[in-house]
Amino acid sequence: MTNNPNGPDLSPSAGGQEVQKKSHKFTLERVYPALVFVPLFYLAVRYLPPVVFFFLIVIVASLAFLEFTKVSLAPPPSTMALGVGIVGIWLFLAGMQWTTFLLPTIIFTILIVALLVIFMFIPLQMRQCLPRPMAVLFGIGYMGICLGHLLLIRKLESGDLLIFFVLIVTWAADIGGYYIGASMGRRPIAPRLSPKKTIEGFIAGMIFSVILAIVSHLWFLSSLSIQDCIIIGIVLACVGLVGDLAESAFKRSAGVKDSGSLIPGHGGVLDRIDSLLLTAPAFYYYILLNNGTSFI
């Protein structure tokens, strides 16, 4: 691959200078996809049989996997390799939907997160030492297992409401960090990975996530305490940032701005779920640790 895996030199940030303020305008193009997707998602989670939600997750994970291979591997894998990868994702998700092998899921999740963090710090070395088949396998686990935690959450008591909760809190952090950070952010949080993400934006996103977690508690999920909401809001904001920066590392090493163009105004599917890939597992295990087997 000819692109610089570490990304271009960001001399202003490297020199400790502040990030230039740049406002992100609110555009209707970013709203239209939500007007279509949100009602369909609400219907699938709240009223339709669980198998419908399963197939929705299968479709999203498969699309995200295709985008992941595009930005992480050059040249892209063969059609056969992509087909095998998608089948692998389906099998992972089917196992998480219809079986209860929790320990292997935990082990695989920890391994995936560890590899993501390592890649964020040494992308060049990871590309050199990780064979292409292993990269494809990593993508299968990354999309299949991480996103599959939404299926595990859906199987918990009041699982449909918990799904809405984790999505609201995750996207509250993303939206708060995006708009407040872009307009008021000065200090980059990870200049070599994503120079536009700032400490100010991260703090704003964390505040937004805590506020929306409390609002969700008051609105539809009284089973979680205010203390739980504060902790979850902080944890998911931090974990979501890791997921966001991990995807930025992949895109930066590939020299692309977005993982795709499927969603107008938002980029690709992976751009929209990068934080959720880690917040879903974090939320699920918090619920298990906090409530024990009685919540399963």
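These are my notebook entries on helix packing, aromatic pairs and a few single residues in a predicted model.

**Ground rules**

I'm working from a predicted model, where local features need pLDDT of at least 70 and side-chain atom pairs count only at pLDDT 80 or more, while totals for chains, interfaces and linings use all residues. Residues are numbered from 1 along each chain as its sequence is written, and side-chain values use heavy atoms, with hydrogens and water left out.

**Entry 1: the whole chain**

I started with the secondary structure and found 12 helices and zero strands. I took helices (H or I, at least four residues) and strands (E, at least two) as DSSP runs, numbered from the N terminus. Read from the N terminus, the order is α-α-α-α-α-α-α-α-α-α-α-α.

Next I looked up burial: 47% of the 296 residues in the chain are buried. Buried is under 20% relative accessible area, exposed is over 50%, and partly exposed is in between (1.4 Å probe, protein chains only).

I also checked contacts, meaning heavy atoms within 4.5 Å. Of those between residues at least 6 apart in sequence, 79% join residues at least 24 apart.

**Entry 2: α5 on α7**

Two packed helices are described by the angle between their axes and the distance between the axes. Here the axes are lines fitted to C-alpha atoms, for helices over the stretch in contact, and angles run from 0 to 180 degrees between N-to-C directions.

I get an angle of about 125° for α5 (residues 102–121) against α7 (residues 132–154), with the axes 10 Å apart. That makes α5 oblique to α7. For the wording, angles under 35 degrees count as roughly parallel, over 145 as roughly antiparallel, 65 to 115 as roughly perpendicular and the rest as oblique.

The crossing of α5 and α7 is left-handed. My rule for that: left-handed if the near helix is turned anticlockwise from the far one by less than a right angle, right-handed if clockwise.

Which residues of α5 and α7 meet? On the α5 side I listed T105, F108, T109, I112, L115 and L116, and on the α7 side F138, G141, Y142, I145, C146, H149 and L152. Sorted by class, this contact has nine nonpolar, four polar and no charged residues. I counted Ala, Val, Leu, Ile, Met, Phe, Trp, Tyr, Cys and Pro as nonpolar, Asp, Glu, Lys and Arg as charged, and the others, Gly among them, as polar.

**Entry 3: α8 on α12**

I ran the same lookup for α8 and α12 (residues 276–291), and they pack at about 130° with axes 10 Å apart. These two are therefore oblique to each other, and their crossing is right-handed. From α8 the contact uses L162, F165, V166, L167 and T170, and from α12 it uses L276, T279, A280 and F283. The split is seven nonpolar, two polar and no charged.

**Entry 4: aromatic rings**

A search of the whole structure gave me 12 aromatic pairs. Rings of Phe, Tyr and Trp (its six-membered ring) pair if their centres lie within 6.5 Å; planes under 30 degrees apart count as stacked, over 60 as edge-to-face and the rest as tilted.

Y42 and Y47 are one edge-to-face pair, at 5.9 Å centre to centre with 70° between the planes. Y42 is partly exposed at 37%, while Y47 is exposed at 57%.

Y42 also pairs with F164, this time stacked, at 5.2 Å centre to centre and 20° between the planes. This pair links distant parts of the chain, with Y42 in α2 (residues 32–46) and F164 in α8 (residues 159–184), 122 residues apart. F164 is buried at 12%. I filed Y42, Y47 and F164 as one aromatic cluster.

**Entry 5: three single residues**

Is D160 buried or exposed? D160, in helix α8, is buried at 12% relative accessible area. Leaving out residues up to four places away in sequence, D160 touches V45, R46 and R154.

L224 sits in the loop between α9 (199–219) and α10 (226–254) and is buried, with a relative accessible area of 2%. With the same sequence neighbours left out, L224 touches F165, H217, C229, I232, F283 and I287.

Last, I flagged S158, which has a positive phi of about 55° although it is not a glycine. Most residues other than glycine have a negative phi. S158 lies in the loop between α7 and α8 and is partly exposed at 34%.
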